[in-house]
Structures are given as structure tokens and as C-alpha cells.
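Trainee: Before I rely on the labels attached to this model, could we go through a few of them and set each value against its cut-off?

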Amino acid sequence: MKKLIMAAAGGAALGLVATTQVAGPLLAQEASSNSSVYEQLDLFGDIFERIRASYVEEVDDAALIEAAINGMLTSLDPHSSYLSPDAAAKMRVSTSGEFGGLGIEVTQEEGWVKVVSPMDGTPADAAGVLAGDFITGVDGESVLGLTLNEAVEMMRGPVGSEIIITIVREGEVEPFDVSIIRDTIKLTAVRTRTEGNAVVLRVTTFNEQTFPNLRDGMDQQIEDAGGLDNIDGIVLDLRNNPGGLLSQAVYVSDAFLDAGEIVSTRGREASDGDRFNATPGDLAMGKPIVVLINGGSASASEIVAGALQDHRRAIVVGTNSFGKGSVQTVVPLQGSGAMRLTTARYYTPSGRSIQSLGISPDIIVEQPIARVDEEADTEERTQRSEAGLRGSLENDSLTEDEIRQIEEDRARAETAAALREDDYQLAYAIDILKGLNALGPTEMVDE
């Protein structure tokens with residue numbers, strides 16, 4: 001027993017020595033780190049005081065501090081930033097569905113302002129601004145070297161005032177100017193219509209109105225068609241949709257899924273993650289769905305497309321999406337300002353990260369770009385057929401109902417041809433639904 005006690009005491013002593021040897025350097029390292037941080041803060045204070053005392057013009061102390069805070073946040077990634085009280089108030093208004101501006105979602109890339117997407121029915125959309133355009137100047141002044149918030153502030157102004165932005169566009173040799181009249185942006189989150197036998201749900205943004213607009217608009221279109229049996233399926237158009245509220249992306253995905261994961265978020269710590277699952281109920285009652293995306297589809301749009309694609313609930317058509325797979329948390333700060341901080345990444349149900357990769361469509365379909373410098377061919381091309389041959393026999397065996405049916409089919413074909421000229425990707429999506437509907441419902445076979 002005496003030996004055992006001594007052994008225990010020796011072990012305790014050894015443990016004490018070992019702990020001291022390990023903890024000592026760690027404490028010293030932490031103290032050194034804290035000392036370095038305080039030295040940097042002292043350096044910041046020295047620079048701040050030198051600017052106040054010696055800068056060529058008198059400076060605004062509050063503006064200097066805000067600029068320093070914003071610089072710290074924007075150095076992290078393009079989506080983290082400081083929101084002044086005014087900017088924070090405008091952000092809260094924008095998520096409610098009405099705000100003032102040009103109607104474009106922008107990010108920053110290599111110092112330039114890049115258009116994520118123009119919003120439907122806004123001044124920027126009417127002026128021809130496209131997703132992927134780079135804004136290099138505002139009213140003749142370069143935006144290079146400005147923070148994203150500073151560049152956005154340059155583009156703000158009174159409703160009804162003119163702004164001239166300089167755009168660099170892929171495929172165009174020279175930069176060109178675009179004149180836009182600022183307006184109050186009132187967004188209809190979802191526009192619904194019927195093309196042929198397909199219900200088209202055009203989702204322009206994810207704000208508080210998105211899911212209610214989608215549900216009510218879809219119900220109305222189905223009612224007007226005389227019921228679900230009279231439609232081929234749903235086209236969910238997410239092109240040039242810059243995203244918005246995560247909750248609305250979950251609601252829209254859930255609208256067409258009966259079960260399973262919709263999206264998960266993962267932060268630095270495991271406890272920071274979250275997972276969102278679908279609940280029973282499918283607004284489309286199993287009808288086929290085609291989702292349209294392009295390079296302007298970002299964030300919440302990519303969550304919806306990824307969820308429906310991974311669950312094989314929809315066919316995704318178009319071009320690769322933007323690739324914004326990060327979560328921003330808005331943290332209120334003293335003085336009514338706020339901080340937008342990237343806190344997590346999005347992952348689709350299959351575990352794919354959207355960040356910088358985007359959603360790849362199941363079927364790649366490019367949208368032809370109309371060239372304004374090329375003359376349109378206005379001459380109608382006459383299609384050769386038996387009916388056009390001299391002396392061809394007439395078909396006198398058709399009944400009036402058959403003739404009427406032929407005329408209706410011809411009218412539908414002409415409408416479809418016109419849609420291909422106007423929106424090739426949408427026409428392609430409707431053709432897919434028509435083909436799936438022609439095959440009839442797929443029966444599940446138990447193995």
C-alpha cells in the first residue's frame with residue numbers, strides 16, 4: 001500500500017510538471033497574441049489621431065470610424081459589410097418588397113462593381129443592363145478603388161433623377177454608357193401566367209411576399225385552366241433572381257416537396273449549423289416541374305434549384321448559376337446601424353456546396369443574345385409542303401371539327417414559334433413539359 005501511495009504521489013507530481021510545461025508556453029503565446037492585438041489597436045489610435053490633426057482637410061470623426069469598420073468587414077469577403085443607420089433602414093424596407101433605386105443586385109469583383117442580376121420591371125431592366133455586366137463608372141467617375149457600399153451610394157439618388165453608368169460587357173469591344181432614370185422599385189415577387197398548357201411562375205426575388213404570391217398566383221392559374229388535369233406542368237423561372245430571404249427559399253422549395261432535406265447551413269463550429277426539412281404537401285400534386293436558371297440566379301434561387309434537383313423533383317434547364325453559397329447574418333449595432341457578416345455556407349440535400357460553383361443545369365440551354373447592330377431579316381420564309389405544289393389534291397374528307405382542330409393546332413404552333421424568338425429558354429422548358437406529359441404519368445413499381 002505504501003508503494004501504491006508513493007506511486008500515486010509521484011504520478012501527481014509528474015502530472016503537475018507536465019501541465020506546467022505545456023500550459024506555460026500556451027499562456028505565454030496567448031499573452032503575446034493579446035499584446036500584438038493591443039499594439040495594433042494602439043497603432044490604429046495613432047493613425048486616427050494623426051489624420052484628425054494633420055490631414056489636409058477637416059475630417060468627420062464618425063465617418064472615419066465607419067470607414068475603418070467597413071474596411072475591416074469588406075476585407076473578409078464581398079458580402080460582409082457595415083450598414084449605416086440609413087443603409088440598415090433601407091435594407092429592412094427592401095426585404096418588405098418596396099424600395100428606391102435602379103433595380104440591380106450587385107457584388108464586387110477585382111475592384112469593379114459586377115451586376116448579379118437586374119430585377120424584372122425595374123429601370124435597370126428597361127435600360128438593358130444584363131447579369132454579368134461590370135459597372136466601371138457612375139456619372140463619369142470611376143468606381144475602381146471604392147468599397148461596394150461607396151459605389152452603391154454613388155448610384156443612389158432622388159426618384160426621377162438621371163444617372164449614367166459606364167458598362168463593360170463581355171463580347172463588346174468598348175465600354176458604353178447607359179442612361180437610367182431612378183425610380184421607386186415596387187417588386188412583385190412572383191408573376192404568374194399560362195403559356196400553352198404550362199403554368200409559368202416567374203420569381204423575381206425572395207422577400208416576405210414571395211411564397212404568398214407564388215401560392216395564390218399558381219392557384220389562380222390552375223383554376224383558370226379548369227384544374228390540374230388541364231396543365232402539362234410547372235415552369236419555375238428563377239433566372240436573374242438575386243436571392244433574398246432564406247426562409248422564403250425554404251417555403252418555395254417545400255411547396256413542391258413532400259419530405260426530405262431542403263438545405264443545410266454549416267458555420268465555423270458544428271453548433272452553428274442548421275438544417276431545414278420539407279413538410280408533407282405538394283402544390284403541384286406531382287405534376288412535372290422545370291426550373292430555369294442562369295448566371296444571374298443567386299443565393300436563395302440556388303437553394304431552391306438545388307433542392308428540387310437533388311430530390312429529382314424538377315429538371316433544371318439553362319446555364320450555370322452565380323455561385324453565392326454563403327449565409328449573411330445581420331447583427332443590429334448601437335446607433336441603429338447593423339453589421340452584415342458571413343457566418344455559414346449553404347449545402348444542397350446531397351451535400352454539395354453552392355459557393356463559387358453554383359448549380360449546374362441538367363440540360364444546358366443558352367439564351368441567344370439579340371445583336372442590335374445586325375439588321376433583322378423581315379422576309380418571311382415560305383415553308384414548302386404538299387399543299388403548295390401546283391395541282392395538288394385537296395383534302396375534302398375533313399369534318400368541320402377536324403378543320404377547327406387543325407387551325408387551333410396551327411395557332412398553337414405559331415404561338416410557340418413566336419415564344420422561341422422571344423424567350424428560347426422558356427420555350428425549351430415548355431417543350432420538355434409537353435413531352436413529359438405526352439408520356440403519361442409514371443407508375444411506381446414496388447420491388
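Mentor: Let us start with Asp423, which counts as buried because its relative accessibility is 12%, and buried means under 20%. Please bear in mind throughout that this is a predicted model.

Trainee: What makes Arg239 and Asp423 a salt bridge?

Mentor: The closest N and O atoms of Arg239 and Asp423 are 2.7 Å apart, and since the definition asks for a side-chain nitrogen of Lys or Arg within 4 Å of a carboxyl oxygen of Asp or Glu, the pair qualifies. Arg239 lies in the loop between S12 and helix H7, whereas Asp423 lies in the loop between helix H9 and helix H10, 184 residues apart. Arg239 is buried too, with a relative accessible area of 8%, under the 20% limit.

Trainee: Which residues do salt bridges with shared partners join into one network?

Mentor: That network consists of Asp120, Arg202, Asp237, Arg239 and Asp423. Within it, the side chains of Asp237 and Arg202 meet at 3.5 Å, N to O, which also satisfies the 4 Å cut-off. Asp237 lies in strand S12 and Arg202 in strand S11, so this pair ties together parts that are 35 residues apart in sequence.

Trainee: Why is Asp61 called partly exposed?

Mentor: Its relative accessible area is 30%, and because partly exposed covers values between the 20% and 50% limits, that label applies to Asp61. Its salt-bridge partner is Arg52, with the closest N and O atoms 3.0 Å apart, and Arg52, at 41%, is partly exposed as well.

Note on methods: Residues are numbered from 1 along each chain as its sequence is written. This is a predicted model: local features need pLDDT of at least 70, side-chain atom pairs count only at pLDDT 80 or more; totals for chains, interfaces and linings use all residues. Side-chain values use heavy atoms; hydrogens and water are left out. Buried means under 20% relative accessible area, exposed over 50%, partly exposed in between (1.4 Å probe, protein chains only). Helices (H or I, at least four residues) and strands (E, at least two) are DSSP runs, numbered from the N terminus.
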